[in-house]
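Trainee: Hey, got a minute to walk me through a structure? I'd like to get the big picture and then poke at some details.
Mentor: Sure, let's put it on the screen.

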Amino acid sequence: MDKIKVSAIQMDIQFGQSEVNRQRLVDTMHRALKQQQSNVVLAPEMWNLGYDLENALKNGDRDGEMVKSSFTAIAKQYGSYIIPGSVANVRNIKVFNTTYVIDNHGDVRGYYDKIHLFRLMNEEKYLESGNKRFTFDLYGHKAGIVICYDIRFPELIRSMALDGMEVLFVPAEWPHPRLYHWRSLLIARAIENQMFVVATNRVGSDPNNTFFGHSMIIDPWGEVIAEGTEEEEIITAELDLSIVPEIRNRIPVFKDRKEEFYF
Ligand SMILES: NC(=O)CCC(=O)C(=O)O
């Protein structure tokens, strides 16, 4: 399937209130899927607790049980993929920042643990970093996930593009004053890898930061085809995946790489 309609949910998150946030995301997910009839819906980073990391071991999801029990039936009901953002997720007494992928039959396709932990928001004090990249099949196309700060590491995303990735999904909690970084990095990742980028960022504030939204859907030329404001909203666009090989042929960046000079 070459034409894939994607939606990104840009929502506020209540600090440490997992059940309140879960209920709001479930309601918003139904609304997004009913109104937009999207083939894929993406939610933001760490939506269960926000950055209440001190309590993440006590209050985090348990090996994705809450995420799976909340969203697999919804994915099946609407026949759509759900990438239900990321959550603070406890596995073997360690807390990870984990995103799951649920396919259009309601089956869990796998998960990604955030690799690069963001010191400015104390992630390295409370979280374990992931140790593997994650890509998955999306209606016959290769898609992948990285989380927030990971977009500052072009090597990670390039290696996924070299594996054939055509669409990158990015759940985030990215605060002021770094809107210029957010927009520039996402657009650069799309242009340099000649792929679609779908990124969602939360809005609202927590005790330490104010988050600006500006969720973005970007095409492989780097054109922003949908962008959020600083309010809660759902942004939607149709991705025409047939343009990815066309663009990669027109400017053959992948063929022209000179790997021997890079590391
Ligand atoms: N949650 C995050 O990873 C935030 C990353 C961020 O704000 C940045 O500037 O990088």
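Mentor: One term before we start: helices here are DSSP runs of H or I with at least four residues, strands are runs of E with at least two, and both are numbered from the N terminus. Also keep in mind that this is a predicted model.

Trainee: Okay. So how much helix and how much strand is there over residues 4–241?
Mentor: That stretch is 27% helix and 33% strand, and its end C-alpha atoms lie 8 Å apart. The chain has eight helices and 16 strands.

Trainee: Why pick residues 4–241, which feature sits there?
Mentor: UniProt, in an unreviewed entry, places the feature "domain: CN hydrolase" at those residues.

Trainee: And the overall shape? What radius of gyration does the chain have?
Mentor: It has 17 Å, which agrees with a compact globule, because 263 residues packed that way would give a value near 18 Å. Along the principal axes, the C-alpha trace spans about 50 × 40 × 35 Å.

Trainee: What share of the residues is buried?
Mentor: Buried residues make up 49% of the 263 in the chain. As for contacts between residues at least 6 apart in sequence, 68% of them join residues at least 24 apart.

Trainee: Can you show me an example of a long-range pair? How far apart in space are S7 and A237?
Mentor: Their C-alpha atoms are 6.7 Å apart, with the two positions 230 residues apart in sequence numbering. S7 is found in strand 1, residues 3–10.

Trainee: Is S7 buried or exposed?
Mentor: S7 counts as buried because it has 29 C-beta neighbours inside 10 Å, and the cut-off for buried is 20 or more. Setting aside neighbours within four places in sequence, S7 is in contact with A32, Q36, S38, V41, I234, I235 and T236.

Trainee: Let's switch to sheets. What order do the strands have in the open sheet of six?
Mentor: The order is 8-9-10-11-14-15, and the pairing is mixed. The edges are strand 8 (135–138) and strand 15 (224–227), each of which pairs on one side only. From one strand to the next, the twist averages 20°.

Trainee: Does anything pack on that sheet? Which strands does helix 6 touch?
Mentor: Helix 6, residues 179–193, packs on the sheet and touches strand 10 (167–172), strand 11 (196–201) and strand 14 (216–218). The direction of helix 6 makes about 155° with that of strand 11.

Trainee: Mixed pairing, you said. In which sense do strand 8 and strand 9 pair?
Mentor: Strand 8 and strand 9 (residues 141–145) pair in the antiparallel sense over four bridges, and F136 has A143 as its bridge partner. The two strands form a hairpin with two residues between them, and Y139 in the turn has a positive phi of about 50°.

Trainee: And what about strand 9 with strand 10?
Mentor: That pair is parallel, over three bridges. One partnership to look for is G144 with L168 in strand 10.

Trainee: Back to phi. Where are M46 and C148?
Mentor: M46 is in the loop between strand 2 (40–42) and helix 2 (56–59), and C148 is in the loop between strand 9 and helix 5 (154–162). M46 has a positive phi of about 45° although it is not a glycine. Phi of C148 is positive too, near 45°.

Trainee: Is M46 buried or exposed? And C148, buried or exposed?
Mentor: M46 is buried, with 31 other C-beta atoms within 10 Å. C148 is buried as well, with 24.

Trainee: Which peptide bond is cis?
Mentor: The one from H176 to P177, where omega is near 10°. P177 is in the loop between strand 10 and helix 6.

Trainee: Last one: how many residues are in the largest nonpolar core?
Mentor: There are 80, and those with the most contacts inside the core are L42, V167, V170, L186, V197 and V198. Leaving out neighbours within four places in sequence, V197 is in contact with L168, V170, L186, R189, A190 and I218.

Note on methods: Residues are numbered from 1 along each chain as its sequence is written. This is a predicted model: local features need pLDDT of at least 70, side-chain atom pairs count only at pLDDT 80 or more; totals for chains, interfaces and linings use all residues. A nonpolar core is a set of buried Ala, Val, Leu, Ile, Met, Phe, Trp, Tyr and Cys residues joined through C-beta atoms within 7 Å. A residue is buried if 20 or more other C-beta atoms lie within 10 Å of its own, exposed if 12 or fewer, and partly exposed in between; C-beta atoms are placed from the backbone. Two residues are in contact if their C-beta atoms, placed from the backbone, lie within 7 Å. Two strands pair if DSSP finds at least two bridges between them. Axes are lines fitted to C-alpha atoms, for helices over the stretch in contact, and angles run from 0 to 180 degrees between N-to-C directions. UniProt positions are given in the numbering used here, feature names are shortened, and annotations may be inferred rather than shown by experiment. The radius of gyration is taken over C-alpha atoms; the globule rule is 2.2 Å times the number of residues to the power 0.38.
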